[in-house]
Amino acid sequence: MTEIALTVNARDVEAAVEPRTHLADFLRDSLNLTGTHLGCEHGVCGACTLLLDDMPARSCITYAVACDGARITTIEGLDDDEIAGELRAAFAREHALQCGYCTPGMLISARDLVLRLAEPDERSIRVGLSGNLCRCTGYVGIVRAVRSVIEQRRKRGVPPLPGGNRSALGPVGSGNGTNASTNTAIVPAARAETRHEDDTRREDTTAIPDFTPAKIFEEHFTVPYPPDKVFEMFGDVARIAGCLPGVALTGVPTPQRLEGLIRVKLGPISANFHGAARIERVPENLSGRIVGMGSDQRSRSSTQGEIRYRLVPSEQGAATRVELSIGYSLRGMLAQIAREGLVRDLAARLTADFARNLDRHLSGVRRDGSAAEAQNLNAVSLLIDLVRTRARKAIRQILGR
Ligand code: FES
Ligand code: FES
């Protein structure tokens, strides 16, 4: 058991908790605060959302011991809160609940939106509530209720609070209060490898910092081409980016650096991470590393990631086993729901697609031997290619040929 001291609904609490007890169980079982509901217990449904140091957080994936010194507010603690009161009235008026199971978590997230959004914009409200699932209402009433509260408050001259007035993160804060631009800032390189004339080009000499990944896992696959051929392909940044599902380049890559966008979907949230990556290659042992960082404005999440690869000859050198070590750290809203299993599944799927695309492009290069064509390939044309190939395959299957 571990001793913790925290504030729950403005009351000082001291308790001894098991390290494995999550915050929702602690509140419900030890403090009898059963307004915090548990649905999935996997950080996906949002039923257990509460305020942790004034920020919405999933209590089912937050350990109670990690909340030592934190300020917790549950739905019970918002009984006298002005915004929560207005939201409760609006929810009743707009029929925004049926069984009510999702409602405590929904109200906490909705209150956060009322605090932050300048306009009662439906899309922003739907995005803001996308981490709270409701099995009954169809969301129309909920969105209408939240819109009406924002609208009325702005009409009364109550301004939004930039960032929800968050100034500090708690010990297990969701990361929403961090400044995304800080996380994605490109740190100037300690050593410039190339001299460039203009500012845009000079950006190429900046470096993406090293980091220690929070999670690392391994993947591997084999392609039927010799290691030197595969290593050569790995050096063609545009083509390799085109083989990665969901990746699009947003700038002209150099052999050392690329800028791009990766689309991912984790649980109920989709994110477009814009970022940059540094590329390193070691021809002596056919290995390399890609270190990148990016952020997604919509989910207010940021990530740092690293892919290390090693090409190992197999089948007497006729094939290559590609060994990957994938490491990442995630901050923000996505970190709340991105359980390791979800990310691992996603990485396994991306790796399988990458292996298929790599195989296809290696065979394409071998067939026509055209370096010029390879250079002209970009992410869009690769995607079109892929769709075309799949369409052809589907038609062949339908025609039974
Ligand atoms: S119970 Fe916590 S997110 Fe579902
Ligand atoms: S009102 Fe029943 S789950 Fe939302």
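Which element gives the most to the lining of the largest cavity? Hold that thought for a minute while I set the scene.

So, this is a predicted model, where local features need pLDDT of at least 70, side-chain atom pairs count only at pLDDT 80 or more, and totals for chains, interfaces and linings use all residues. Residues are numbered from 1 along each chain as its sequence is written, chains are lettered from A and ligands numbered from 1 in the order in which they are written, and side-chain values use heavy atoms, with hydrogens and water left out.

The chain comes to 13 helices and twelve strands. Those are DSSP runs numbered from the N terminus: H or I over at least four residues for a helix, E over at least two for a strand. Of the 401 residues, 44% are buried. Buried here means under 20% relative accessible area, exposed means over 50%, and partly exposed is in between, using a 1.4 Å probe and protein chains only.

Back to the cavity. A cavity is a set of points, on a 1 Å grid over the protein atoms alone, where a 1.4 Å probe fits but cannot get out, and its lining residues have an atom within 4 Å of a point. Grid points are joined across faces, edges and corners, and the volume is the space filled by probe spheres set on the points. We get three cavities of 30 Å³ or more, and the largest has a volume of about 1,100 Å³. It has 44 lining residues, and the closest to its centre are Leu244, Val247, Ile262, Gly305 and Ile307. And the answer to my opener: β8, with seven residues. Other elements supplying at least two residues each include α9, β11 and α11. By class, the lining has 32 nonpolar, ten polar and two charged residues. For that count, Ala, Val, Leu, Ile, Met, Phe, Trp, Tyr, Cys and Pro are nonpolar, Asp, Glu, Lys and Arg are charged, and the others, Gly among them, are polar.

Next, the cores. A nonpolar core is a set of buried Ala, Val, Leu, Ile, Met, Phe, Trp, Tyr and Cys residues joined through side-chain atoms within 4.5 Å. The largest one has 27 residues, and those touching the most other members are Leu87, Phe91, Ile125, Leu129, Ile142 and Val146. Two or more residues each come from α2, α3 and α5, with the largest share, seven, coming from α3. In α3, 14 of 14 residues are buried. Taking contact as heavy atoms within 4.5 Å, and skipping neighbours within four places in sequence, Leu129 touches Met106, Ser109, Ala110, Leu113, Ile142 and Val146. A second, separate core of 23 residues includes Val230, Cys243, Tyr309 and Tyr328.

Now two residues in strand β11. Gln304 sits there, and counts as buried because its relative accessibility is 12%. Beyond its sequence neighbours within four places, its contacts include Pro209, Phe211, Tyr328 and Arg331. Val312 is in β11 too, but it is partly exposed, at 21% relative accessible area. Val312 and Leu286 are 26 residues apart in sequence, yet 7.9 Å apart in space, C-alpha to C-alpha.

Leu286 is in the loop between β9 and β10, and has a positive phi of about 50 degrees without being a glycine. What is the phi of Ala10 near? Its value is near 65 degrees, again positive in a residue other than glycine. Ala10 lies in the loop between β1 and β2 and, at 75% relative accessibility, counts as exposed.

Methods:
On a 1 Å grid over the protein atoms alone, a cavity is a set of points where a 1.4 Å probe fits but cannot get out, and a pocket is an open set with protein on both sides within 12 Å along at least five of seven lines; lining residues have an atom within 4 Å of a point.
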